[in-house]
Amino acid sequence: MNLVNYWREFFLKNGTAVALFMIIAVGMWLFMMIILPQLFMLDFSIRANVPPPKFGTEEHYYTLEHYKYMVFGSALATDTFNVIDLSVFFRTIGAAIFVTLIDLAICYPIAYYLAQVATGGWSRLMVLSLIVPFWINEILRAFAFKIIFGSTGVINNFLIASGLLDQPYDFIRNDIALWAGLSYAFILLMIFPIYNAIESLDKNQIEAARDLGSPWWRIHWRIVVPHAKPGISSGCTMVFMLTAGALAAPQILGGPSSLWFTQIIYQGFNQAGNWARGSAYAIILLVSCIVFVLVMMKIFKVRFGEMMK
Amino acid sequence: MSADVRLETVWIRFGDFVAARDVSLHIQDGEFFTILGPSGCGKTTLLRAVSGFLTPSEGRVLIGGEDMAGIGPNRRPTALIFQNLALFPLMTIWENITFSLEVKGVGIKERRKRAAELLELIALKGHGDKMVSELSGGQKQRVAIARALCAQPQVLLLDEPLSALDLKLRQHMRTELRAIQQQVGITFIYITHDQGEALTMSDNVAVMREGIVEQVSDGTTIYDEPDTSFVASFVGENNRFVGKVARISAGIAEVNTEDGVLRARCSTNPQSAVSKGDDVFVFVRPESVRFLDGAPTDNQFKAKVYHEEFEGNLWQVFLDLASSQKRVKMSYVNDGSITPHSADTEVAIGFSERAAIALPRGPLAAE
């Protein structure tokens, strides 16, 4: 009954046309773009891998073999566990955490500066200079990083010319180019939520803490960070999710020996022709990321409602 | 521990804008000192210079005789109570109050003990574990005071802390603030645009206009003996006559105005002295204007009642003078001795020369 009233009010408040548009648009978005594809993925992942003509036949039976494969590997393999895929998976998660922390360390001071210190034209200029690089295509940017970090790239040339190194350092093989590229790619997604959160902090709070004798680090620890926690969490969540799921940057900037988990998923779909395994791996990545984020939110006592502000 | 505060020829500029113009003040150790002025007069700027949030462009700030140049707000013996209080909403009340001790690394046991003592002082015993949002306006106010006192400042700075409260609570908090000040015995510097607050609480009041300190004195002197036309028009209400001094004798000026020759006393402050031929204002307070029942006085007018307002204890009467149609306000106590007048009643009013003051013409407060 309440629900009926709610919808009636929704229609009365917005008018029929707007209300219908909102319901259809949001519904389409949710169902067509999010729920339906994921359901298909899920369905793929728990069925045997057969070519499309055999879909729906007896050979297309339900099975958990792809999930098992991720953990235990092929029945023919000598190892007890699927060491290769598992290590790539955990390395990817670890690297995503690392990139998230780097972004947090870089973006928190910038966001604080933009929100509380910079004024007028200067702050607008800073925001603009943060946004403009993102007008450049992601792949182009990745290749640019590859050039910069290459063995004859600007950075190596500079380090050798200045005498700090006597031979080029392999930034690519050592994943530094990849971390830099990924950190750079999602910087805005970290800065803006934190900026929004810190901007709503009353300047007097900071001054009051300072007046009561607090050094700057305690002001951040006790006043600014607790206030910005929802923004920090939503920034970290986005960066973590997108880094763990990134494909282009690892493809281009990753070293020859370091695979990203998404590349294995990609191989499943494209090279191995094993959509079922690709789907299972994609689902594993998605669920692990969600669980990880939820656990982190629990540990840091962040509520969903706060993050949406 | 308490300290005096001295401002020596302080100038504060923001680009072309001058917020404080050659301000020199000496605030005595242990005194309740108020800086009174309209918004934008530079009073908050001055307070921020004392607390250390901004550095004067010129001049010195001394607290307890020590030059504060280069000493940040976190290392000054001052505590500031903000206009919006700036309590920390994500901390409990007791954590708020003892934040200054937390900063010093005092242990939690000692902090809780100190919080309990201060909560008792501000009559909020047992509220320590609540959050700020659970308190009423007056309670938050008191927590802000306790938080500032917990830092054991030698000087407490208050930036219009009562302005967010309703009238009743504001009047109550005035008394309470004054009591707390006498109890802890430290110097209070209080900023307000509310003359009622300034006059009731303070030992001394500085009146400011556009970055200039116009007068520093105790409350009664500010009200009764204003030095400048600004102070006379800003503090309390005043009727104003414009004129030129015709003659001065025995401290009484005879001033030619549209409403005839008015007799008014001259200021005792030599800087506000007037002499023959000067352009002056004559100020007289509404409560000094009386109905004349046959008894003559120094300055007399025929007038017509325009309107009477009843305020309970007082009647406020607005009259138009017969000579110039000038609107004059008077007030009398509702003690039953005077029957209210209907509009357009013709009456005789007047005031004594001692009740009026002649001051050099200068800037006036915005009406």
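In the predicted model, the hairpin formed by S9(B) and S10(B) has two residues between its strands, and within this hairpin Glu210(B) adopts a positive phi near 45°. The two strands of the hairpin, S9(B) and strand S10 (residues 212-217) of chain B, are paired in the antiparallel sense over five bridges, and one of the pairings places Arg209(B) as the bridge partner of Ile212(B) in S10(B). Strand S9 (residues 204-209) of chain B is also joined to strand S3 (residues 32-36) of chain B, in this case by four bridges and with the strands running parallel; here Ile35(B) stands opposite Ala206(B) of S9(B). The strand is mostly covered, since six of its six residues are buried. Burial extends to both faces of S9(B), with Asn204(B), Ala206(B) and Met208(B) on one side and Val205(B), Val207(B) and Arg209(B) on the other.

Other strands of chain B are arranged in a barrel and in an open sheet. The barrel is closed by five strands in the order S11-S12-S13-S20-S14 of chain B, with mixed pairing, and the twist from one strand to the next averages 55°. Within the barrel, strand S11 (residues 239-249) of chain B and strand S12 (residues 252-257) of chain B run antiparallel and are joined by six bridges, and Ser249(B) has Ile252(B) in S12(B) as its bridge partner.

The open sheet consists of four strands of chain B in the order S2-S1-S4-S5, and its pairing is antiparallel. Strand S2 (17-27) and strand S5 (66-67) of chain B stand at the edges, where each has a single partner strand, so one side of each is left without a neighbour in the sheet. For S5(B), strand S4 (residues 58-63) of chain B pairs with it in the antiparallel sense over two bridges, and the bridge partner of Ile63(B) in S5(B) is Glu66(B).

Taken as a whole, the secondary structure of chain B comprises nine helices and 20 strands, and its C-alpha atoms fill a box of roughly 75 × 45 × 35 Å along the principal axes. Of the 367 residues of chain B, 40% count as buried, and among the contacts in this chain between residues at least 6 apart in sequence, 66% join residues at least 24 apart. The largest nonpolar core contains 156 residues, of which Ala111(A), Ile194(A), Leu157(B), Ile189(B), Val282(B) and Ala358(B) touch the most other members. When residues up to four places away in sequence are not counted, Leu157(B) touches Leu47(B), Val50(B), Ser51(B), Thr78(B), Ala79(B), Leu80(B), Ile81(B) and Ile189(B).

Between the two chains, 16 residues of chain A are in contact with 16 residues of chain B. On the side of chain A that touches chain B, helix H10 (203-211) and helix H11 (216-244) of chain A each supply at least two residues, and H10(A) gives the most, with seven residues. By class, this side of chain A has six nonpolar, five polar and five charged residues. Elsewhere in chain A, helix H5 (residues 120-131) has twelve residues and reaches 17 Å from its first C-alpha to its last, which is close to the 16 Å expected at 1.5 Å a residue. In contrast to the covered strand S9(B), H5(A) is hardly covered, the count of buried residues among its twelve being zero.

Methods:
Residues are numbered from 1 along each chain as its sequence is written. Chains are lettered from A and ligands numbered from 1 in the order in which they are written. This is a predicted model: local features need pLDDT of at least 70, side-chain atom pairs count only at pLDDT 80 or more; totals for chains, interfaces and linings use all residues. Two residues are in contact if their C-beta atoms, placed from the backbone, lie within 7 Å. Ala, Val, Leu, Ile, Met, Phe, Trp, Tyr, Cys and Pro count as nonpolar, Asp, Glu, Lys and Arg as charged, and the others, Gly among them, as polar. Two strands pair if DSSP finds at least two bridges between them. A residue is buried if 20 or more other C-beta atoms lie within 10 Å of its own, exposed if 12 or fewer, and partly exposed in between; C-beta atoms are placed from the backbone. A nonpolar core is a set of buried Ala, Val, Leu, Ile, Met, Phe, Trp, Tyr and Cys residues joined through C-beta atoms within 7 Å. The expected span of a helix is 1.5 Å times one less than its number of residues. Axes are lines fitted to C-alpha atoms, for helices over the stretch in contact, and angles run from 0 to 180 degrees between N-to-C directions.
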